[in-house]
Amino acid sequence: MLLDTYRHKGMRKGLVRLVHEKGIRDIKVLKALETVPRHFFFDKAFLEQAYQDKAFPIGEGQTISQPYTVAYQTELLEVELQDKVLEIGTGSGYQCSILLQLTPNVYTIEYNEVLFHKAQKQFQLMGLTPFTFLGDGSEGLPQHAPFTKILVTAGAPIIPKTLLRQLTLGGKLVIPVGDTGLQKMLRITRVGEDEFTKEEFDNFKFVPLLGKQGWK
């Protein structure tokens, strides 16, 4: 049974205030952050950690991302209601749950089988219905392409060409690229058949993107 009490909601409001103070301005993103109960993704023993602006281990060498990072990536993605979004790296399912507040058309792929099944169970408990897949996210989902927006929630060594090819014209890819220690957040926009623009933003530290186009 998932409980979202007044106390939880109050803690969430406090978290949203903090994220807003750190520079997140998109009202839709802040509202999504306030709507999704982050403590649903935590064991009861760690409730206090759920509403701190910190990443937290979820097993299998992975983490649930820091709320500010989730908001930052989501804001850069500029999701509209009609968008078809691909998320690379389902993880705990928290980022996907945020995206689902912005559009119902979310496809999410997870590399790790344990986390995949755990996230699926979580979505069912919360009554959420993303399109979930187990596989190599660095290769995208060519059978369901094209996508208007693609979000990568793990640090990549390169910008995977396979993902660029799966964008619509005008579509955006938000991805952290760098070495395993530090990555630069990039936003790539497809402006022609073989033409892309690249914007650079802040530095972050993500878990590595695994797969053929990621870290082996």
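**Notes on the predicted model: cores, rings and two backbone oddities**

1. Let's start with a charge over a ring: the charged end of Arg 38 lies over the ring of Tyr 94, 5.5 Å from its centre. Please keep in mind throughout that this is a predicted model. A second case involves Lys 84, whose charged end sits over the ring of Phe 147 at 5.1 Å from the centre.

2. Tyr 94 also turns up in the largest nonpolar core. That core has 43 residues, and Val 19, Ile 24, Phe 41 and Tyr 94 touch the most other members. Two or more residues each come from helix H1 (6–21), helix H2 (27–35), strand E1 (56–59), H4, helix H5 (94–99) and helix H6 (113–126). The most generous contributor is H4, which gives 6 residues. As background, nonpolar side chains tend to be buried together in soluble globular proteins.

3. H4 deserves a look of its own. This helix spans residues 67–77 and is mostly covered, with 10 of its 11 residues buried. Among the buried ones are Pro 67, Tyr 68, Ala 71, Tyr 72 and Leu 76. Ile 24 makes a good viewpoint here: leaving aside residues up to four places away in sequence, Ile 24 touches Val 19, Val 29, Leu 30, Tyr 68, Ala 71, Tyr 72 and Glu 75. Two of those partners, Tyr 68 and Tyr 72, are joined by ring pairs with Phe 204 and Phe 206 into a cluster.

4. What follows H4? The next residue is Glu 78, whose phi is positive. Its value is near 50°, and Glu 78 is not a glycine. Most residues other than glycine have a negative phi, which makes this a spot to view on screen. Glu 78 is placed in the loop between H4 and strand E3 (85–88). With a relative accessible area of 37%, Glu 78 falls between the 20% and 50% cut-offs, so it counts as partly exposed.

5. Apart from the largest core lies another one, of 21 residues, including Ile 88, Leu 141, Phe 147 and Ala 154. Phe 147 is buried at 0% relative accessibility, and it is the residue whose ring has Lys 84 over it.

6. Phe 147 also has an aromatic partner. The structure holds 8 aromatic pairs. In one of them, the rings of Tyr 107 and Phe 147 have centres 5.5 Å apart and planes at 70°, so this pair is edge-to-face. Because Tyr 107 belongs to strand E4 (residues 106–110) and Phe 147 to strand E6 (residues 147–152), the pair ties together parts that are 40 residues apart in sequence. Tyr 107 is buried too, with a relative accessible area of 12%.

7. Which peptide bond is cis? The bond from Ala 145 to Pro 146 is, with omega near 5°. Pro 146 is found in the loop between strand E5 (131–134) and E6.

8. Finally, the overall picture. The chain has 7 helices and 9 strands. Its radius of gyration is 16 Å, close to the 17 Å that the globule rule gives for 216 residues, so the chain is as compact as a globular protein of that length. Of those 216 residues, 51% count as buried. Among contacts with a separation of 6 or more, 55% join residues 24 or more positions apart. The chain exposes about 10,500 Å², with carbon and sulfur atoms supplying 55% of that area.

Notes
Residues are numbered from 1 along each chain as its sequence is written. This is a predicted model: local features need pLDDT of at least 70, side-chain atom pairs count only at pLDDT 80 or more; totals for chains, interfaces and linings use all residues. Side-chain values use heavy atoms; hydrogens and water are left out. Buried means under 20% relative accessible area, exposed over 50%, partly exposed in between (1.4 Å probe, protein chains only). Helices (H or I, at least four residues) and strands (E, at least two) are DSSP runs, numbered from the N terminus. A nonpolar core is a set of buried Ala, Val, Leu, Ile, Met, Phe, Trp, Tyr and Cys residues joined through side-chain atoms within 4.5 Å. Contact means heavy atoms within 4.5 Å. Rings of Phe, Tyr and Trp (its six-membered ring) pair if their centres lie within 6.5 Å; planes under 30 degrees apart count as stacked, over 60 as edge-to-face and the rest as tilted. A charge sits over a ring if NZ of Lys or CZ of Arg is within 6 Å of the ring centre and within 35 degrees of the ring normal. The radius of gyration is taken over C-alpha atoms; the globule rule is 2.2 Å times the number of residues to the power 0.38. Accessible areas come from the Shrake-Rupley method with a 1.4 Å probe; for residues, only the protein chains shown count as cover.
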